[in-house]
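I opened a new page for this structure. My plan was to look up a sheet, its helices and a pocket.

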Amino acid sequence: MINKERIKSFLLAFLVLTTIYLIQQLWVEFPDELFSSLAFGQESTDVKESMLSDFILPEKYTINFGGNNRAIMYFDETHGLWNKGKEILKEAFQSKNIKIEEMTDEEFEEIRKKRAIGFYFPNDIHTFIFGKVFDADISSSINESIKKINSIYIYLDSLRDNFIIISDGKNYIKISGVDFNFENIKDEIDIISKTDYTRVHTVTDLLDPDIKNNTYIPLQVKFNLSQVYVRKEIDISSELEEDNIAALFFNRDLAYIRRIEENDGSVIYIDSQRTLKIHENGTLEFFKSIEANAETGNLYMSLKNAIDFIDTHMGWPDDTYLYKVDEIEFENNKGYRFTFKYKLDGLTVISDENQTLSSIEIEMFNNQVKSYRRPRHIWREIGKVTPKGSYKNMLSAYDIIVNNYNFIKIKFIENNNINVDTVSADELDKNVNLAIKDACLAYYDNSAEENQVLKPVWIINVAGFSYVFDAYDGSEENGGNPR
């Protein structure tokens with residue numbers, strides 16, 4: 001059996017290398033890690049005990065060097081900005097002598113012109129959970145002021161007047177009175193200031209000086225991203241492999257577990273309380289009855305138990321983060337659905353409009369697991385290729401918006417049911433520019449093609465709809481449909 005698996009791995013590697021060779025006219029710089037990754041099936045089987053703080057990751061960082069001189073970073077492999085930022089936040093959240101003030105939009109915009117670093121998260125995170133990340137009980141005054149957080153700013157202009165700002169995009173809470181030390185992060189920012197960093201500007205500065213839109217987008221990018229070659233995390237090809245997975249979920253002799261093979265190729269394992277379905281494509285679904293008279297669930301314990309469960313049931317892809325928390329109900333019980341996403345090479349992996357393809361979901365009631373879904377589209381990187389020097393440069397978010405402006409405008413008109421006969425062209429353009437809310441990078445998993453290559457894309461959010469564009473040629477992905 002081992003020899004058979006090695007032969008299969010070798011054949012898979014051969015096919016990947018052949019594919020890369022055939023497109024070498026476009027992507028020609030072969031990194032060493034591609035060839036060193038051919039020893040498939042050598043991952044550690046050790047169970048890693050995860051910490052809640054492992055699952056809070058920024059989507060991007062902005063660094064203000066003063067005035068309108070700002071850098072943006074979508075990944076941070078060398079400076080450790082988030083880890084250094086967490087040290088500061090821990091001091092602030094654990095302090096008992098903090099001063100809390102609400103800020104106006106105007107006051108916040110003035111702060112954004114000062115020397116500071118901003119961390120932006122891909123979704124709102126409960127303020128209460130944020131406190132738990134830093135082993136702190138967030139004060140009731142903060143929790144009452146702002147229920148969720150999607151960005152954090154650390155002011156770096158003066159050691160004697162240091163503070164942080166937490167925001168949900170609408171409200172801004174200034175936390176001061178903490179004598180934290182920001183020298184470590186300031187030193188890294190000084191290093192970045194001497195590099196050829198990617199500058200970022202507001203939509204107002206780049207597209208229309210007559211509107212007020214402080215969304216940051218880069219005019220030019222100073223880096224090129226790779227295409228990433230991947231293989232499936234779970235590639236089940238034998239009954240033995242299916243049984244090994246089932247053993248993780250049932251923790252008992254499988255002789256006592258009923259096994260059913262379905263006509264569609266999936267396999268179901270059942271005992272009295274638990275069901276595991278392994279789909280032919282590799283998707284796993286686990287269901288469990290909720291125990292009666294169990295303790296009442298709460299958000300923190302539900303999340304902690306969910307993380308502990310996944311730790312011991314297939315583990316985590318690298319760089320997984322908590323993407324979303326939904327409150328749900330089942331038979332008069334209130335619970336939570338936690339959605340986790342993961343990153344490859346520093347960027348979130350996204351798929352088409354069906355976001356569940358690349359997300360791990362777990363539902364918790366009474367602090368217990370009710371269901372757990374692990375999708376087939378979790379990939380492991382086996383190598384990457386970068387574009388040849390000057391052959392092709394990546395487009396910026398500004399390039400994408402300008403090159404696709406008519407497409408974006410048409411979608412805006414459709415989504416908002418605008419009668420173009422009643423709106424002037426100038427007014428319509430202003431409304432479209434005002435509606436641009438975000439621009440970020442990701443790796444796109446074109447599941448429709450079942451390929452093994454993830455390519456870099458820009459995601460442009462316009463009035464709540466996120467459109468995906470190829471980062472090199474600017475073409476629309478996902479058929480032009482929003483995610």
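I began with helix α7, residues 183–193, in this predicted model. Helix α7 lies across β1, β2 and β4. Its direction runs at about 110 degrees to β4.

Next I looked up the sheet itself. It is open and has seven strands. I read the order as β2-β1-β4-β5-β6-β7-β3, and the pairing is antiparallel. Which strands stand at the edges? I found β2 (70–73) and β3 (99–103) there. Each has a single partner strand, so one side of each is left without a neighbour in the sheet. From one strand to the next, the twist averages 20 degrees.

I then checked helix α3, residues 81–94. Helix α3 packs on the sheet and touches β1 (60–64), β2, β4, β5, β6 (163–167) and β7. The direction of α3 makes about 80 degrees with that of β4.

Back at one edge, I followed β3. It pairs with β7 (residues 172–176) in the antiparallel sense, over five bridges. Ile100 stands opposite Ile175 in β7.

Last, I turned to the second largest pocket. I noted a volume of about 1300 Å³. Which residues are the closest to its centre? Of the 41 that line the pocket, they are Lys60, Tyr120, Asn150, Lys437 and Asp438. I sorted the lining into 15 nonpolar, 13 polar and 13 charged residues. Several elements each supply at least two residues of this lining, among them α4 (105–111), β4 (116–126), β5 (148–155) and β21 (436–444). I also listed β15 (320–330) and β22 (453–462) among these suppliers.

Definitions and conventions
Residues numbered from 1 in each chain as written. Predicted model: local features only at pLDDT ≥ 70, side-chain atom pairs only at ≥ 80, totals over all residues. Heavy atoms only, no water. 1 Å grid on protein atoms, 1.4 Å probe; cavity = no way out; pocket = protein on both sides within 12 Å on 5 of 7 lines; lining within 4 Å. Points joined across faces, edges and corners; volume = space filled by probe spheres on them. Helix = DSSP H or I, 4+ residues; strand = E, 2+ residues; numbered from the N terminus. Nonpolar A, V, L, I, M, F, W, Y, C, P; charged D, E, K, R; others polar. Pairing = 2+ DSSP bridges. Axes fitted to C-alpha atoms, helices over the stretch in contact; angles between N-to-C directions. Contact = heavy atoms within 4.5 Å.
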